[in-house]
Amino acid sequence: MAWKVVAKGETETTACLPGSSQRILIGSHSGAVHLEISEVTIEPQAEIAGHRHPFEESFYVLAGGGVVTIGPTSYSVAADDFGLVPLGQAHAWTNPNDQPLELLRVRSPQPRHMRGEDPTYPTDDVTPHRDGIEPPRAVAAPHRPVGRFDSSQLPPPGPLNMKGYRGPRIGGVSIWMLVDELVGAIHHTMFIVEFESGGDRRPAGDHFHPFEEAYYFLAGSAIAHLEGEDIPVSAGDIVFCGVNDLHGYSVTSEEPMRWIEVQSPAPPPNGATFFPDDWQSDADGHA
Ligand SMILES: [Fe+2]
């Protein structure tokens, strides 16, 4: 089994493009074959020159602010903004502030490091900008693949209802899609998941998927049930599950538990989530 828990601050910092550094939380070194997930720091007053690469890249701003230029458009982003750089799209970053810009970065298909440590290709098609437009609230689109997440837009908690599965085996959950095929992503998804507090203390029953999945914790705490092991997790930790890794969650905090979830490859229209309990018996009315 490929599952892995990476605790906050456990990952070493390595060089990235000039002006930035990265902590690769999940990647080929940790058993993943589709995903690479990193925390990235863009230094104050740094510019990341134009580049492109043969994989998709999505980001979620954890702290600080900056300007991302994707093709012809520059966006001024701050905490809780997110976006997608489609495969092959030229892009650049600027941090015009005196504080670091902290990002969660997702890459899929997993970069193959063909030329040493840098899997990106420089381009003059875009240059860094110090000013950009404000992202639209919440909803990104293919022509505007940057958005602003606002937690007040989360729907009320309820049973899971998303592509590839709907049913009661996961309950008390609110989901807000950030990056998926509607935005132009082909290889991965990224979305916000929040489990209510004070409800079912084990809202996510054991299940598995035909794709990789990871959960970057933003708030609250939980027990991750991973192939029979129970591991406490909280904000700043990340859990990775490989294909077919059995996983479920129990909420342990009094506040809601929130994470950024990532999947790759993107879920198929059915057969995306397998709950053994759904297939063992219909006596309880769930099958
Ligand atoms: Fe899952």
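1. Before anything else, a word on elements: strands (E, at least two residues) and helices (H or I, at least four) are DSSP runs, numbered from the N terminus. With that in hand, Ala78 sits in strand β8, residues 73–78. Note that this is a predicted model, where local features need pLDDT of at least 70 and side-chain atom pairs count only at pLDDT 80 or more, while totals for chains, interfaces and linings use all residues. Residue numbers start from 1 along each chain as its sequence is written.

2. Staying with Ala78: is this residue buried or exposed? Neither, quite: Ala78 is partly exposed, because 15 other C-beta atoms lie within 10 Å. The scale here calls a residue buried at 20 or more other C-beta atoms within 10 Å of its own, exposed at 12 or fewer, and partly exposed in between, with C-beta atoms placed from the backbone. Setting aside neighbours within four places in sequence, Ala78 is in contact with Val61 and Gly65; contact means C-beta atoms, placed from the backbone, within 7 Å. As for Ile175, 97 residues away in sequence, the C-alpha to C-alpha distance from Ala78 is 21 Å.

3. β8 belongs to an open sheet of five strands, ordered β8-β7-β10-β5-β12 and paired antiparallel (two strands pair if DSSP finds at least two bridges between them). β8 and β12 (121–122) are the edge strands, each pairing on one side only. At the β12 end, two bridges tie that strand to β5 (residues 47–52), and His51 stands opposite Pro122.

4. Then there is the seven-stranded open sheet, also antiparallel, running β2-β3-β4-β11-β6-β9-β13. Its edges are β2 (14–15) and β13 (146–148), each with pairing on one side only. β2 connects to β3 (residues 20–26) through two bridges, with Ala15 opposite Ser21. The two make a hairpin with four residues between them, and Gly19 in the turn has a positive phi of about 95 degrees.

5. Moving inward along that order, six bridges join β3 to β4, again antiparallel, and Arg23 faces Glu39 across the pair. β4 (residues 36–42) in turn has seven bridges to β11 (residues 101–108). Look for Thr41 there: the bridge partner in β11 is Glu102.

6. On domains, the assignment (automatic or from a database) gives domain 1 as 9–111 + 120–141 and domain 2 as 152–280. Their centres, taken over C-alpha atoms, are 24 Å apart. The contact takes 21 residues from domain 1 and 20 from domain 2. On the domain 1 side, β3, β6 (56–63), β9 (81–85) and β11 each supply at least two residues. That side divides into 15 nonpolar, five polar and one charged residue. Here Ala, Val, Leu, Ile, Met, Phe, Trp, Tyr, Cys and Pro count as nonpolar, Asp, Glu, Lys and Arg as charged, and the others, Gly among them, as polar.

7. Which residues touch the most other members of the largest nonpolar core? Of its 64 residues, they are Ile26, Ala214, Ile238 and Ile260. Such a core is a set of buried Ala, Val, Leu, Ile, Met, Phe, Trp, Tyr and Cys residues joined through C-beta atoms within 7 Å. Strand β19 (residues 212–219) gives the most to this core, with five residues. Both domain 1 and domain 2 give residues to this core, so it lies between them.

8. Ala214 is a good place to centre the view. Leaving aside neighbours within four places in sequence, Ala214 is in contact with Ile26, Leu35, Ile37, Ile238, Val239, Phe240 and Val262.

Notes. Contact = placed C-beta atoms within 7 Å.
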